[in-house]
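Me: Could you take a close look at the ligand site for me, and at the parts that build it? I work at the bench, so please spell out your terms as you go.

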Amino acid sequence: TAVLRKLYLQAAMAQQDQDVIMYYRNGLLLAAALLVPLLLLVRLRRPRGENLPPGPWRLPVIGSLHHLVGRLPHRFMRDLARRYDAPLILLRLGELDVVVASSADAAREVLKTQDAVFATRMQTPTIRALTVDGAGIALAPHGEHWRQARKLGVTELLGARPVQSLRGSREAGVAALVASIASASAASGPVNVSSLLSTYIIDVAVRALVGDRIGGDLRGEFLERLGEGVRLATGFGLADLFPSSRLVRAFSGSLGRLEALGRETSRVMDRIIDKHQHAGDEEKDFVDVMLRIQKNDGSLRAGTIRAMITDLFGAASDTSATTLEWAMAELMGSPAALRRAQAEVRSALAGESRVREEALPDLHYLRLVLKETLRLHPAAPLLLPRECPESRHVLGYTVPKGAMVLVNAWAIGRDAATWGADAEEFRPERFEEEAALDFKGTNFKFVPFGAGRRMCPGIAFGLVVVELALASFLFHFDWELPAGGLHMEEQLGVTARRKGDLWLHATVRVPVPALAL
Ligand code: HEM
């Protein structure tokens, strides 16, 4: 009986194993039976000929969002493009499709070949909240308003003539900058270069846009509101990633804050405009110009005037300050380049007491330093987001309708396939070999100002402000790193700023002229 019982138990266990196997097999067959039609349905629902760009695996609801946590978006997107060896990649961030052009060829397609299609800006809930009062240039959708606003900006502020006429404000700004460095360096400790550069850029932008007649308190309020606006506007808010969700909208505090901030900024701007209206007819800044145009042609709305100021301030300030900060950091990391740039400036301005703007075109090496800085550190590493208004084919891939389209200018500038094995190194001399490469976005391996119809219209304005400061730094001071050396880490944000402030020792070599009070 014992043997029979054992045999029976073995048979029962084998039967049980069989049952388990059958159970799983049936389960799998059932799942397959349900899944295959489902997958076929999904494939059938995808339009014929659609070939989406590759992208990382996704989770339900959040899509690929988790991959981005703690990572710098432009770096992560470059790594993905390398991993898939693809010129375009696709990320699903919440409800949003984000297509990233990551090679010079892909950039040419988006910014030139299909420029007219991709010329509109993504109207996210954040952007709609920011522009509820009116739109300026940078965030406006492609259309008649954008065309008129851009024309106004270029003719009256950013073109060669207005840039030249703002020379006085730049000279005053740079004189204050070098005087601050000289007095800070007298204390023998390191100088906070980042903070002084930001003050200089803000000073020049404020003088050009709203002038210096508004008084310190109003100026302070204006800068506080604009600073907060730029902070809130940059980055992906939850409401932008889940635009259809009322729940997310209700719980996301940033949209409410943006709307409140918009109202506060409008009130501050109205006080600034009021001061201008009572200051006489002489045109000294961009607000004066816009008020004159409004008087002659009633079509310029007050909301548009306010939006133009905030928009231009936002576009000009962080970008120029970031570029200057990186240029100084890279020069400090490349003593040979620093020596060459310094020798050039001091020889071109020998016998002078300060840097004159007319001397800037003679500073060829300084221009190479700037190009190399912008190649490695384009201030807006993903340019400004565009929107794909209809499903389009780009280099054999389908860009879905409604997708946000980014161009990874940062990855393109460091692509070893086009820049060579030393692409990650700071070597301004490479632009001697590539003399035809300019800032105008005609060669898509170098697009720090974008290209096509939405290209930065502030290049002339930005370059002269940056070059003047950099030349003055090199002319008046010798620079040394403090103990602890130098890092080149970036911080998270829409502009690729350096992480932490740049502190350097400055020693006066050419005396700084006393400030005219
Ligand atoms: C070194 C300094 C600067 C850099 C690196 C820079 C870079 C850029 C970039 C990458 C874009 C987006 C282009 C695109 O989407 O294709 C842009 C747009 C823009 N920039 Fe600049 N910029 C700088 C300085 C300035 C200055 C000084 C101003 C004005 C005073 C300005 C005004 C604008 C405006 C209005 C736009 C929007 C253009 C449009 O959407 O039509 N930028 N800039």
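Reply: Happy to help; here is a walk through the ligand site, then a helix that packs against part of it, and a small sheet.

This is a predicted model, in which local features need pLDDT of at least 70 and side-chain atom pairs count only at pLDDT 80 or more, while totals for chains, interfaces and linings use all residues. Residues are numbered from 1 along each chain as its sequence is written, and side-chain values use heavy atoms, with hydrogens and water left out.

Let's start with the shell. The ligand is surrounded by 29 residues, where a residue is near a molecule if one of its heavy atoms lies within 4 Å of it. The closest are W146, R150, R386, R454 and C456. By class, the shell has 19 nonpolar, six polar and four charged residues (Ala, Val, Leu, Ile, Met, Phe, Trp, Tyr, Cys and Pro count as nonpolar, Asp, Glu, Lys and Arg as charged, and the others, Gly among them, as polar).

Some side chains come up to oxygen atoms of the ligand. In R386, a side-chain N or O atom is 2.3 Å from a ligand oxygen. For R454, the distance from a side-chain N or O atom to a ligand oxygen is 2.9 Å. W146 also has a polar side-chain atom 2.9 Å from an oxygen of the ligand. A polar contact here is a pair of N or O atoms within 3.5 Å.

Which helices supply the shell? At least two residues each come from α6 (144-158), α15 and α21 (459-476), and α15 gives the most, with six. Helices are DSSP runs of H or I with at least four residues, and strands are runs of E with at least two, numbered from the N terminus.

Helix α15 (residues 302-333) also packs on helix α10 (residues 216-233), at an angle of about 70° and with the axes 10 Å apart. That makes α10 roughly perpendicular to α15, a label for angles of 65 to 115 degrees. The axes are lines fitted to C-alpha atoms over the stretch in contact, and angles run from 0 to 180 degrees between N-to-C directions. From α10, F222, L223, L226 and V230 meet I309, T310, F313, G314 and D318 of α15, with contact meaning heavy atoms within 4.5 Å. Six of these residues are nonpolar, two polar and one charged.

Finally, the sheet: three strands form an open, antiparallel sheet in the order β3-β9-β8. Strands pair if DSSP finds at least two bridges between them. The edges are β3 (191-192) and β8 (477-480). Four bridges join β8 to β9 (residues 503-508), and E480 has H505 as its bridge partner in β9.

Technical notes:
Parallel < 35°, antiparallel > 145°, perpendicular 65-115°, else oblique. Polar contact = N/O pair within 3.5 Å; in protein donor to acceptor, adjacent residues only side chain to side chain.
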